[in-house]
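Visitor: Could you walk me through this protein chain, with the cut-offs spelled out as we go?
Guide: Gladly; have a look at it here.

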Amino acid sequence: MKKLILLIVLSVTGSAYANQPGKTMYYLGTNSHPISNTSNARTLGYVLNEYNMDGHLNLEKELSEGLPQNDIELAEKIANERLEKVDWSKLQKAFQGLALATAWDIKKLPAFVFADGQFVIYGVTDANEAIRRWEQYSQQDRYRLTRYR
């Protein structure tokens with residue numbers, strides 16, 4: 001019975017640790033600034049949410065690429081066929097990224113975001129470097145971070 005209770009406590013503690021705001025990171029990137037070195041983030045227990053802020057433009061380009069310029073009816077037919085095959089989760093994720101960037105008042109891209117928008121690292125695409133900076137900051141300024149949770 002004690003082993004079962006210990007196992008339950010450990011599994012709950014582990015789940016809570018993985019879902020802490022400090023262990024969730026967001027990357028808001030673009031086509032020209034893709035994220036790099038992500039494997040270590042997962043190894044360290046971070047939940048990485050990646051958003052390509054050009055996602056909606058990519059979808060628009062994909063839908064309109066190669067459409068006939070001189071036959072509007074044919075272009076409309078082809079576009080409608082393509083719309084039926086669209087992976088709407090990609091579009092939804094693109095707009096989620098835009099909503100988060102607006103809510104967090106992100107000034108430029110790329111950006112890593114930690115602590116539910118309280119800490120932003122601009123201009124970095126390397127996940128390892130972002131984690132290093134975040135962990136250094138959070139160790140130095142633990143009081144401020146816990147105060148705003």
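What follows is a set of questions and answers about this chain.

Guide: A word on conventions: this is a predicted model, in which local features need pLDDT of at least 70, side-chain atom pairs count only at pLDDT 80 or more, and totals for chains, interfaces and linings use all residues. Residues are numbered from 1 along each chain as its sequence is written, and side-chain values use heavy atoms, with hydrogens and water left out.

Visitor: How many helices and strands does the secondary structure of the chain come to?
Guide: Helices (H or I, at least four residues) and strands (E, at least two) are taken as DSSP runs, numbered from the N terminus. Along the sequence they follow the pattern α-β-α-β-α-α-α-β-β-α-α. The totals are 7 helices and 4 strands.

Visitor: In which order do the strands form the open sheet?
Guide: Two strands pair if DSSP finds at least two bridges between them. S1 (residues 24–29) and S2 (residues 47–52) are parallel, with 6 bridges, while S1 and S3 (residues 111–114) run antiparallel and share 4 bridges. S3 and S4 are also joined by 4 bridges, in the antiparallel sense. The pairing is therefore described as mixed, and the order in this open sheet is S2-S1-S3-S4.

Visitor: Which are the edge strands?
Guide: In the order S2-S1-S3-S4, an edge strand is one that pairs on one side only. Those are S2 and S4 (119–122).

Visitor: By how many degrees are neighbouring strands of this sheet turned against each other on average?
Guide: Axes here are lines fitted to C-alpha atoms, for helices over the stretch in contact, and angles run from 0 to 180 degrees between N-to-C directions. For neighbouring strands of this sheet, direction is ignored. The average turn is 20 degrees.

Visitor: Which helix packs on the sheet?
Guide: Contact means heavy atoms within 4.5 Å. The helix in question touches S1 and S2, and its direction makes about 100 degrees with that of S2. It is H5.

Visitor: Is strand S1 mostly covered or uncovered?
Guide: Buried means under 20% relative accessible area, exposed over 50%, and partly exposed in between (1.4 Å probe, protein chains only). Thr24, Tyr26 and Leu28 point one way from S1, Met25, Tyr27 and Gly29 point the other way, and all are buried. With 6 of its 6 residues buried, S1 is mostly covered.

Visitor: Why does threonine 24 count as buried?
Guide: Threonine 24 is placed in strand S1, opposite valine 47 in S2. Leaving out residues up to four places away in sequence, threonine 24 touches Tyr46, Val47, Asn49, Val113, Phe114 and Ala115. Threonine 24 counts as buried because its relative accessibility is 12%.

Visitor: At roughly how many degrees do the axes of H3 and H5 cross?
Guide: Two packed helices are described by the angle between their axes and the distance between the axes. Gly55, His56 and Leu59 in H3 meet Leu91, Ala94, Phe95 and Leu98 in H5. These residues divide into 5 nonpolar, 2 polar and no charged (Ala, Val, Leu, Ile, Met, Phe, Trp, Tyr, Cys and Pro count as nonpolar, Asp, Glu, Lys and Arg as charged, and the others, Gly among them, as polar). The axes of H3 (residues 55–64) and H5 (residues 88–103) come within 8 Å and cross at roughly 145 degrees.

Visitor: Over what arc do the buried residues of H6 lie?
Guide: The buried residues of H6 are Ala127, Ala130, Ile131, Trp134, Tyr137 and Ser138. They are on the same side of H6 because their arc, taken from the directions from the helix axis to the C-beta atoms, is limited. On the other side of H6, Gln139 and Gln140 are exposed. The arc is only 135 degrees.

Visitor: Which residue in the loop between S3 and S4 has a positive phi although it is not a glycine?
Guide: The residue lies in the loop between S3 and S4, and its phi is about 50 degrees. At 47% relative accessibility, it counts as partly exposed. It is aspartate 116.

Visitor: Which residues does a cis peptide bond join?
Guide: The omega of this bond is about 0 degrees. Proline 110 is placed in the loop between H5 and S3. The bond joins leucine 109 and proline 110.
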